[in-house]
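I set out to record where the open spaces of this structure lie and how its chains meet. The entries below follow the order in which I looked things up.

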There are 2 protein chains.
Amino acid sequence: MESEALKTRLKIRRGEWGRPTTGLGFEQANLVILPKRYAYDFLLFCQRNPKPCPLIEVGDEGSYEARCAPKSDIRFDVPKYRIYKKGKLAEECEDIEKYWKSDLIFFLLGCSFTFERELIDRGIKLKHLEQGKNVAMYNTNLKCNPAGVFEGEMVVSMRPIKHRDLVKTIEITSKFKKAHGPPVHLGSPAEIGIKALDVPDYGNPIDIDEREIPVFWACGVTPQLIALRKKLDFMITHSPGHMLILG
Amino acid sequence: MESEALKTRLKIRRGEWGRPTTGLGFEQANLVILPKRYAYDFLLFCQRNPKPCPLIEVGDEGSYEARCAPKSDIRFDVPKYRIYKKGKLAEECEDIEKYWKSDLIFFLLGCSFTFERELIDRGIKLKHLEQGKNVAMYNTNLKCNPAGVFEGEMVVSMRPIKHRDLVKTIEITSKFKKAHGPPVHLGSPAEIGIKALDVPDYGNPIDIDEREIPVFWACGVTPQLIALRKKLDFMITHSPGHMLILG
C-alpha cells in the first residue's frame with residue numbers, strides 16, 4: 001500500500017504537480033544539497049541555528065533516498081528546484097538528474113507548512129491558503145550564528161493572524177520545534193529590517209487588515225540567501241514554497 | 001561577580017577537586033575533542049543519535065572557551081581527562097595542555113547529571129549520591145545509527161528507582177531532551193546486553209533492593225566506546241563522571 005505522502009511524491013515525480021506544496025497537511029521539509037567540502041560548515045550552521053535550520057535528516061554522501069520519506073528520490077520528488085552557482089541563481093528546474101554527483105549530500109530542514117494543518121484544525125484561518133497563494137517570505141536583519149563559510153541574516157515567513165488568535169498560534173507553533181517553533185517576531189516589520197510588507201522577497205504578497213497582525217517565523221529559505229551572499233560555488237535547494245513531502 | 005558554576009570550574013582548574021562532578025546540581029556536559037578530520041562524521045553521528053549524544057555546543061576550530069560556560073578553558077576545567085590513541089586509552093590526566101593543537105574541535109554533549117537535581121528536588125532518592133559514589137555505566141547491545149567512521153553500541157547510565165517513583169522519574173527526565181531525555185530501558189538488563197549489574201563498565205556498582213528497579217539512560221560515554229572499537233587515531237574526552245560544569 002502506498003501512503004498518501006508517497007502517492008503525492010510520485011505525482012510530483014511524474015511532473016503532474018508544478019505548484020507550491022502549501023496547505024497539503026503532510027510533514028514537509030526544506031531541501032539543501034551541498035558538495036562534501038561544505039558539509040561540515042553547514043551541519044554546524046544548522047546546529048547553531050535550529051530556528052531557521054531545524055535538521056530532520058542528513059543523507060550519506062551520494063545518497064538520494066531520505067529515510068523519513070520511504071521510496072523517495074530527492075533528485076525528482078520536489079516540484080521545483082533552484083541551482084545556485086558562484087553566488088548566483090543559475091537555474092530553476094523540475095528535476096536535478098543532470099546535476100547529481102556522488103559527492104553531494106542532502107540536508108532536510110523542517111518546514112512551517114508542517115504546523116499549518118494544526119493551526120487550521122484549531123480554527124485559525126490562514127489567509128494565503130484561503131487565497132490560493134504561496135506564503136510571503138522576507139529577508140531580515142536578524143543575524144544568524146556564523147559557522148565556517150555560512151554567515152548572514154535570517155529569512156522569515158509571514159502569516160497575518162487575528163489579534164484574538166495570537167496566543168493560541170504561539171502556543172501551537174511552539175510545540176513544533178522541528179518546524180521552526182514559535183514566531184521570531186510579531187508586528188513592526190521595520191524592527192527586523194523589512195521595509196515593505198507588500199513586496200516579499202519570496203512567495204506572494206498577502207494583505208493585512210486592521211484586526212490582524214503580521215507574525216513572522218524563521219524560514220528554511222535562510223541557507224539560500226546565505227549561499228547567494230557568500231558566493232558558494234555550488235548548491236541545490238528547493239524553490240521557495242516547493243517542499244519535499246515526508247512520510 | 002563570579003557565578004557558582006564559574007567558582008567551581010576555577011576550583012577544578014586549580015586542581016583542588018579531583019572527584020566526579022555528580023550531585024552538584026549544575027548543568028553539566030560530556031566532552032569530546034577531535035581533530036578536524038573526524039569532525040563532520042562526529043557531528044553527523046550526534047545529529048543521528050540525539051539520545052546518547054545531545055549536542056549542546058560545538059567549538060570553532062582551535063577554540064577552547066565554551067560559550068555556554070563563560071570564561072571556561074576546556075583544556076583545564078574538567079577534573080579528569082582521557083586520551084585515546086589508535087583505539088587505546090593512552091592516559092588519564094588532569095589537564096590537556098600538552099595535547100592541545102589548533103586543529104582540535106570540542107563538542108559538548110548534555111549529561112544526565114543535569115536532571116539529577118530536579119529528581120532530588122521532586123523527592124526521588126538517588127542511591128549513588130547517598131552512598132557518595134559515581135553513577136554505574138554499562139556497555140549495551142543497543143545499536144547507534146552509524147555516521148561515517150562512527151558506529152557501535154550505546155553506553156547507558158543506571159540508577160535504581162523505587163517502583164512507586166517510576167512514572168514520575170520518566171515524566172521528569174522526558175523534559176530534559178538536552179540531557180539524554182527519558183530512559184532507554186527499564187529492568188531486565190540482559191535484554192540490552194548487560195550481563196552483570198554488579199560489574200559496571202564505568203563508574204561504581206550500586207546495589208538494587210527488592211523495591212527498586214534498574215533504570216537506564218543513554219550516556220555520553222558512548223563516543224568513548226566507539227573511539228576504542230573503531231581505533232580512532234586520536235580523541236580526548238572527560239573521564240566518565242568527571243564532567244564540564246556549564247553556566
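These notes cover the contact between the chains, then the two pockets I examined.

**Entry 1: status of the model.** I note at the outset that this is a predicted model.

**Entry 2: the contact between chains A and B.** I looked up the extent of the contact and found 16 residues from chain A and 16 residues from chain B. The area buried between the two chains is about 1200 Å², and carbon and sulfur atoms give 55% of that area. I then asked which residues of chain A lose the most area to chain B. They are A:Y40, A:Q47 and A:R48, which together account for 49% of what that side buries.

**Entry 3: polar and charged pairs across the contact.** I counted 2 salt bridges between chain A and chain B. One of these pairs A:R48 with B:D60, and their closest N and O atoms are 2.9 Å apart. The count of residue pairs in polar contact between the chains is 4, both residues being at pLDDT 80 or more.

**Entry 4: elements on the chain A side.** I found that α2, β2 and β5 (104-110) of chain A each give two or more residues to the side that touches chain B. Of the elements, α2(A) gives the most, with 7 residues. By class, I recorded 9 nonpolar, 2 polar and 5 charged residues on this side.

**Entry 5: the largest pocket.** I turned next to the largest pocket, whose volume is about 1300 Å³. Its lining comprises 39 residues, and those nearest the centre are A:Q47, A:P50, A:K178, B:L55 and B:K178. Which elements give two or more residues to this lining? They are α2 (36-48) and β2 (55-58) of chain A, together with α2 (36-48) and β2 (55-58) of chain B. I classed the lining residues as 19 nonpolar, 8 polar and 12 charged. I note that A:Q47 appears twice in these entries: among the residues nearest the centre of this pocket, and among those of chain A that lose the most area to chain B.

**Entry 6: the second largest pocket.** I found about 150 Å³ of space in the second largest pocket. Its lining residues include B:G123, B:K127, B:E130, B:P160, B:R164 and B:E212. The elements α4 (127-130) and β7 (153-162) of chain B each give two or more residues to this lining. The largest share, 3 residues, comes from β7(B). By class, I recorded 4 nonpolar, 1 polar and 7 charged residues.

Definitions and conventions. Residues numbered from 1 in each chain as written. Chains lettered and ligands numbered in written order. Predicted model: local features only at pLDDT ≥ 70, side-chain atom pairs only at ≥ 80, totals over all residues. Heavy atoms only, no water. 1 Å grid on protein atoms, 1.4 Å probe; cavity = no way out; pocket = protein on both sides within 12 Å on 5 of 7 lines; lining within 4 Å. Points joined across faces, edges and corners; volume = space filled by probe spheres on them. Helix = DSSP H or I, 4+ residues; strand = E, 2+ residues; numbered from the N terminus. Nonpolar A, V, L, I, M, F, W, Y, C, P; charged D, E, K, R; others polar. Contact = heavy atoms within 4.5 Å. Buried area = accessible area lost by both parts, 1.4 Å probe. Salt bridge = Lys/Arg side-chain N within 4 Å of Asp/Glu carboxyl O. Polar contact = N/O pair within 3.5 Å; in protein donor to acceptor, adjacent residues only side chain to side chain.
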